[in-house]
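The following note sets out comments on a single model, arranged as numbered points. Please read them alongside the sequence and the coordinates.

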Amino acid sequence: MKPSYGWLLKWILAAILIAVGLTMFFQKDLVFLITGIVIVVFSLFRVVPLVKSLNKEILRTINLIEIIFDFLLGALMIYVGYESINSGNAIDPIWSQVYKYTLAFVFLARGVVFFYSTVFLEEKTEQIKFWTHIVIFALGALILGLKDFDQSAIAWLLLVISLLGGAYLIYDGSRGYGKYREYSLGINTKKEKAKNVEKELPTTDKPQPEKDSDRPYIS
């Protein structure tokens with residue numbers, strides 16, 4: 001067994017995740033910034049795998065158009081969040097509506113592109129992706145239909161996700177720490193056993209008489 005310190009990284013990440021969730025909950029304008037970063041990262045890191053894996057030009061074109069729009073909206077949210085921080089959380093209420101329609105567009109566009117690709121362009125998929133995109137499309141429609149939806153609702157959602165994610169990382173890290181302690185106990189036990197092993201020494205300093213069986217036989 002080799003020592004692993006992955007548990008330490010998981011605990012650090014859990015603390016950061018929970019701290020970010022609590023910070024966004026109490027300073028809800030940070031939701032703009034975090035949401036924008038998530039959308040931009042999700043957009044950029046999908047480009048290369050999609051281009052390599054999609055075997056039809058029209059599929060690549062549709063997905064790239066979606067990614068470009070998502071990236072631009074994510075960049076807009078980052079800008080709004082940055083301006084909110086610089087202005088001491090004083091932000092025009094219109095951006096709450098922009099935030100609402102941005103999220104609705106991202107979810108609905110993902111659902112439309114997925115179902116268009118699978119139904120009309122015959123792209124194969126898995127059941128879990130099918131049901132996941134139904135949920136995504138329903139969330140987009142729900143956000144669009146809610147009259148009083150703003151970043152506060154997402155702040156609650158992100159808080160719940162950060163607490164659940166942090167709890168899982170703490171639990172998984174605790175299991176790793178337990179294995180690390182077992183390893184530490186094992187190497188210390190081996191050292192103690194090695195110290196307790198001693199060579200057998202004669203019980204007296206007097207020379208012992210030779211036995212007949214020890215003498216060489218001369219014919």
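**Comments on the predicted model**

1. The relative accessible area of S117 is 2%, so this residue counts as buried, the limit being under 20%. The model in which this value was computed is a predicted one. S117 belongs to helix α5, which spans residues 94-119. Within that helix, the side chain of S117 comes to 2.7 Å from the backbone oxygen of V113. Apart from residues up to four places away in sequence, S117 touches L59, N63, E122 and E123.

2. The overall architecture may be stated briefly. The protein chain has seven helices and zero strands, and the order of its elements from the N terminus is α-α-α-α-α-α-α. Of the 219 residues in the protein chain, 27% are buried. Where contacts link residues at least 6 apart in sequence, 80% of them join residues at least 24 apart.

3. The largest pocket deserves a separate comment. Its volume is about 600 Å³. There are 23 residues in its lining, and those closest to the centre are V38, L103, V106, F107 and L157. Helices α2 (30-44), α4 (57-86), α5, α6 (127-145) and α7 (151-196) each contribute at least two residues to the lining of the largest pocket. In character, that lining comprises 18 nonpolar, two polar and three charged residues.

4. The second largest pocket holds about 340 Å³ of space. Its lining consists of 21 residues, with L50, N63, R110, E123 and K129 nearest the centre. Here α3 (47-53), α4, α5 and α6 each supply at least two lining residues, and α5 gives the most, with five residues. The lining of the second largest pocket divides into seven nonpolar, seven polar and seven charged residues. Two of the residues nearest its centre, N63 and E123, are also touched by S117.

5. Which residue of helix α6 is in contact with A104, F107 and L108? The residue is G140, when neighbours within four places in sequence are left aside. G140 is located in helix α6 and is buried, because its relative accessible area of 0% falls under the 20% limit. The C-alpha atoms of G140 and L103 are separated by 7.0 Å, although the two residues are 37 residues apart along the chain. L103 is also among the residues closest to the centre of the largest pocket, as is F107, a contact of G140.

6. H133 is another residue of helix α6. Is H133 buried or exposed? With a relative accessibility of 9%, H133 counts as buried. A polar atom of the H133 side chain lies 2.8 Å from the backbone oxygen of K129. Beyond its neighbours within four places in sequence, H133 is in contact with R110, F114 and F115. Both R110 and K129 are listed among the residues nearest the centre of the second largest pocket.

7. The aromatic residues form nine pairs in the structure. One of these is the pair of F32 and Y99, which is edge-to-face, with 5.3 Å centre to centre and 80° between the planes. Because F32 lies in helix α2 and Y99 in helix α5, the pair ties together parts that are 67 residues apart in sequence. F32 is buried, at a relative accessible area of 0%, and Y99 is buried at 0%.

8. Why does the pair of F130 and W131 count as edge-to-face? The ring planes stand at 80°, which is over the 60 degrees required, and the ring centres are 5.2 Å apart, within the 6.5 Å limit for a pair. F130 is partly exposed, at 32% relative accessibility, whereas W131 is exposed, at 53%. F130 and W131 belong to one aromatic cluster together with F114 and F115. The cluster members F114 and F115 are also contacts of the buried residue H133.

Conventions: Residues numbered from 1 in each chain as written. Predicted model: local features only at pLDDT ≥ 70, side-chain atom pairs only at ≥ 80, totals over all residues. Heavy atoms only, no water. Helix = DSSP H or I, 4+ residues; strand = E, 2+ residues; numbered from the N terminus. Buried < 20%, exposed > 50% of the residue type's maximum accessible area, 1.4 Å probe, protein only. Polar contact = N/O pair within 3.5 Å; in protein donor to acceptor, adjacent residues only side chain to side chain. Contact = heavy atoms within 4.5 Å. 1 Å grid on protein atoms, 1.4 Å probe; cavity = no way out; pocket = protein on both sides within 12 Å on 5 of 7 lines; lining within 4 Å. Points joined across faces, edges and corners; volume = space filled by probe spheres on them. Nonpolar A, V, L, I, M, F, W, Y, C, P; charged D, E, K, R; others polar. Phe/Tyr/Trp six-rings, centres within 6.5 Å; stacked < 30°, edge-to-face > 60°.
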